[in-house]
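Dear colleague,

I am handing over the structure we spoke about, and it is placed just below. My notes on what was found in it follow after that.

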Amino acid sequence: MAHHDMAKDITADDHEHGHDHHDHGPPSGIMRWIKTTNHKDLGTLYLFFAFTMFFIGGLMSLVIRAELFHPGLQFVQPEFFNQMTTLHALVMIFGGVMPAFVGLANWMVPMMIGCSDLALPRVNNWGFWILPFAFTLLLCTLFMPGGGPAGGWTMYPPLVLQTGNALPLLIFAVHLMGISSITGSINVAVTILNMRAPGMTLLKLPLFVWTWLITAYLLIATMPVLAGAVTMLLTDKYFGTSFFSAAGGGDPVMFQHIFWFFGHPEVYILILPAFGIVSTIIPTFARKALFGYDSMVYAVASIAFLSFIVWAHHMFTVGMPLAGELFFMFSTMLIAVPTGVKVFNWVTTMWKGSMTFETPMLFAIAFVFLFTLGGFSGLMLAITPADFQYQDSYFVVAHFHYVLVPGAVFAIIGAVYYWIPKWTGRMYNETLGKVHFWASAIFINLTFFPQHFLGLAGMQRRVPDYNVMFTDFNVWSSIGAFGFFAFQFVFIYNMLACCYGWGGRKRDLPARVWEGAHGLEWTVASPPPYHTFEDPPVIGEGELTSVHDDEDALDHHKLA
Amino acid sequence: MGAMADIDPERKRRNVILAWVHVALAAAILAGFVYAQMHR
């Protein structure tokens, strides 16, 4: 479908809703999308970009799983296999999960805090349009002589310095992604700090907004460090410096420290907005206020602080003083405390709630259960002496995929199901949604649960071949991966059907699509007008009760 | 003409100031990082 059709379909023009006194309707044609400064347009662009990247990164994971279906080399050479593992990670992290969260923030933050747009709309346009260039640079390395980067997404020297002509393209792509992330996060932070509707005090902000505010600061604090580190790689390779070369007086382990000083907060950049999404969905379908709103905010802030002092748990086997190993072990374990607070609050929100199980709620509940499972394996990995056994094994692969796929990705999928009726004015097909959920939940566990056993039995990560004793679990894992990928087309169909009105879907939804939903975004029409809240809204009595009605919650318990 | 044209000039000015404060924060982190690397 042509872009201008999508323009008409996704966002209603102003005349339909009478919210606007000016001629602010979207222009038509491709130039709308190139020149747009509208937060809803850019949110849509971010989400389409992210799902394109999820598809490309998913195809790479299928190459990996096809090769690992059986021991021995079947389909690809080891060099190409290593390029797939490296690019799969970079594409999924920087191209999939992060842009998806920025897209959700673009769409929802202004509507949730009652302002007309992000604080810096032109910067917003620039931040998005950097990304296609960054990923074109990164992915076109696959077609260069010598292929793409193959040293792992962590880019450890000296291995990464063996990369051929792809290295400067990789580094420039990382710079571009960093610029995009920093501009995006500055925009979100300034918007939240300066553009809130009257009466929307900080401790009344929806949890999704809070988690994004904290995520924005994590990005601002860590992205410059990553940019510095990869620039030092560039100068080591091409300008004769020896930052990370032992022969020249440098220290290769220093890169690992710098990388993970960025890398561990990055892990929380990938999960904090997911916490916000789950904290939004669960109260709606439990028809209760979020339990412990304040403690949720403090828990997120604590996790963000702790994320800066745990980085060396990624490097326990690299050779650190015992005091260092102990510090990083205990600081890592501390993260379980605020995370436990959050899990407790989600479960307690559901306790004695009038629960229904629409698709977004199913994904949110799966998130709570499966993310916690990934958290438990994280605690196992945090134990320094045990980590000497687990390091670089499939146990690590199982751990971080549990927190990232049924964690971050399930939250993104749940968020899209939850908000797409608001965005398009059309309801998705609930039966297809449930089919998609159950197939995804089953296949994702089939993919990653056996990898725990593979890792404990000693299978190394980042290898295209393995001992025959690992065959059975690898077969199950590969079947799971192909099944999971296949069923995502059900999701894509279901969402595109909402965008384009396939199957005769009507725009007949009320402003408050979900009866249990609270917040300013549910006070505007579905779909919302092109510009919302040009006049600051009056926050209605009880509209923000999803964040602050402990008294109501107590009354509910008395009634029950 | 975007929606931002309608917001009050004082808030717009604060937006720009806040944005530059954050850019300065990112630049300071980068500068601190470079300084630390040059003096270790």
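To begin with the smaller topic of secondary structure in chain B, this chain has one helix and zero strands, and of its 40 residues 12% count as buried. Please keep in mind throughout that this is a predicted model.

As for confidence, chain A has a mean pLDDT of 92, with 92% of its residues at 70 or more. Two stretches of chain A call for care: over residues 1–23 the pLDDT is below 50, although this stretch has 41 contacts in the model beyond near neighbours in sequence, and over residues 546–560 the pLDDT is likewise below 50, with 21 contacts of that kind.

Turning to where the two chains meet, 24 residues of chain A are in contact with 20 residues of chain B. On the chain A side, α7 and α8 (207–238) each supply at least two of the touching residues, and α8(A) gives the most, with seven residues. By character, this side of chain A divides into 15 nonpolar, seven polar and two charged residues.

Within chain A, helix α6 covers residues 121–140, and its 20 residues reach 30 Å from the first C-alpha to the last, which is close to the 28 Å expected at 1.5 Å a residue. Several residues of α6(A) are buried, among them Pro121(A), Asn124(A), Asn125(A), Phe128(A), Leu131(A) and Phe135(A), and the buried residues of this helix pack against α4 (39–67), α5 (78–113) and α7 (166–194) of chain A.

The largest nonpolar core has 172 residues, of which Val209(A), Ala229(A), Val278(A), Val300(A) and Phe367(A) touch the most other members. If you would like one of these to look at in the viewer, Val300(A) touches Trp210(A), Thr211(A), Ile214(A), Leu272(A) and Phe275(A), when residues up to four places away in sequence are not counted.

A last residue to look at is Leu456(A), which is found in helix α17 (residues 430–457) of chain A. Is Leu456(A) buried, exposed or partly exposed? Leu456(A) has 15 other C-beta atoms within 10 Å, and it therefore counts as partly exposed, since a buried residue would need 20 or more and an exposed one would have 12 or fewer. The C-alpha atoms of Leu456(A) and Ser393(A) are separated by 7.6 Å, while the two residues lie 63 residues apart along the chain.

With best wishes

Notes:
Residues numbered from 1 in each chain as written. Chains lettered and ligands numbered in written order. Predicted model: local features only at pLDDT ≥ 70, side-chain atom pairs only at ≥ 80, totals over all residues. pLDDT = per-residue confidence, 0-100. Contact = placed C-beta atoms within 7 Å. Helix = DSSP H or I, 4+ residues; strand = E, 2+ residues; numbered from the N terminus. Expected span 1.5 Å × (residues − 1). Core = buried A, V, L, I, M, F, W, Y, C linked by C-beta atoms within 7 Å. Nonpolar A, V, L, I, M, F, W, Y, C, P; charged D, E, K, R; others polar.
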